[in-house]
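Please look through the structure shown below, following how its helices and strands come together. The explanation begins with one helix and its partners, then turns to the core.

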Amino acid sequence: MPNITITIGSRAFEVACQPGEEQFLHSAAAMLDDEAQVLSDQIGRMPEGRMLLMAGLMLADKTAGLGDRVKELEAQLAEQGHELAQLRNMPLPEPEQIEVAVVPPFVTDTLAELAARAESLAAEVEEKAQAS
């Protein structure tokens, strides 16, 4: 079992932990040290036990606040999941009917005649231009 040294409130402590948990313990100690530093800055020097107790209580308060926030977010997520399930179970809306204007056949026939006349006129113009 590894022994590591952590520093909290400018005081060193030797702590044993399970193999592989060293980084977690260092992180937890850093959080506790941050709280101890806040206490030290506000109150000044205090007995080790009291400093650790107060820093631990401050962390516990923050953790409880985060726990409450997690519960709120879980409730919101559950509510949104319920709404999503309702939306997924709703029947699909009836498709909209859209009217598209249809070009009557006589218009396309007329356009085809005009195109044929234009081609004929263009051919005549070319013939006259070549003859000149």
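In this predicted model, the buried residues of α2 pack against three elements, namely β1, β2 (11-16) and α1. The buried positions in α2 include Met-51, Ala-55 and Leu-59. An α-helix has 3.6 residues a turn, so residues three or four places apart point the same way.

The helix α2 itself can be checked against its expected length: at 1.5 Å a residue, its 42 residues should span 62 Å, and because the C-alpha atoms at its ends lie 60 Å apart, the two values agree.

Turning to the pairing of the helices, α1 and α2 pack at an angle of about 115°, with 9 Å between their axes, and they are therefore roughly perpendicular to each other. The crossing in which α1 passes α2 is right-handed. On the α1 side the contact is formed by Met-31, Leu-32, Glu-35, Ala-36, Val-38 and Leu-39, which meet Met-51, Leu-52, Met-54, Ala-55, Gly-56, Met-58, Leu-59 and Lys-62 of α2. Within this contact, Ala-55 touches Leu-32, Glu-35, Ala-36 and Leu-39, leaving aside residues up to four places away in sequence.

Several of these residues reappear in the largest nonpolar core, which has 14 residues and in which Ile-6, Ile-8, Leu-32, Ala-36, Met-51 and Ala-55 have the most contacts. The elements that each contribute two or more residues to this core are β1 (3-8), α1 (22-43) and α2 (48-89), and the largest share, 5 residues, comes from α1.

Key
Residues numbered from 1 in each chain as written. Predicted model: local features only at pLDDT ≥ 70, side-chain atom pairs only at ≥ 80, totals over all residues. Heavy atoms only, no water. Core = buried A, V, L, I, M, F, W, Y, C linked by side-chain atoms within 4.5 Å. Buried < 20%, exposed > 50% of the residue type's maximum accessible area, 1.4 Å probe, protein only. Helix = DSSP H or I, 4+ residues; strand = E, 2+ residues; numbered from the N terminus. Contact = heavy atoms within 4.5 Å. Expected span 1.5 Å × (residues − 1). Axes fitted to C-alpha atoms, helices over the stretch in contact; angles between N-to-C directions. Parallel < 35°, antiparallel > 145°, perpendicular 65-115°, else oblique. Left-handed = near helix turned anticlockwise from the far one by under 90°.
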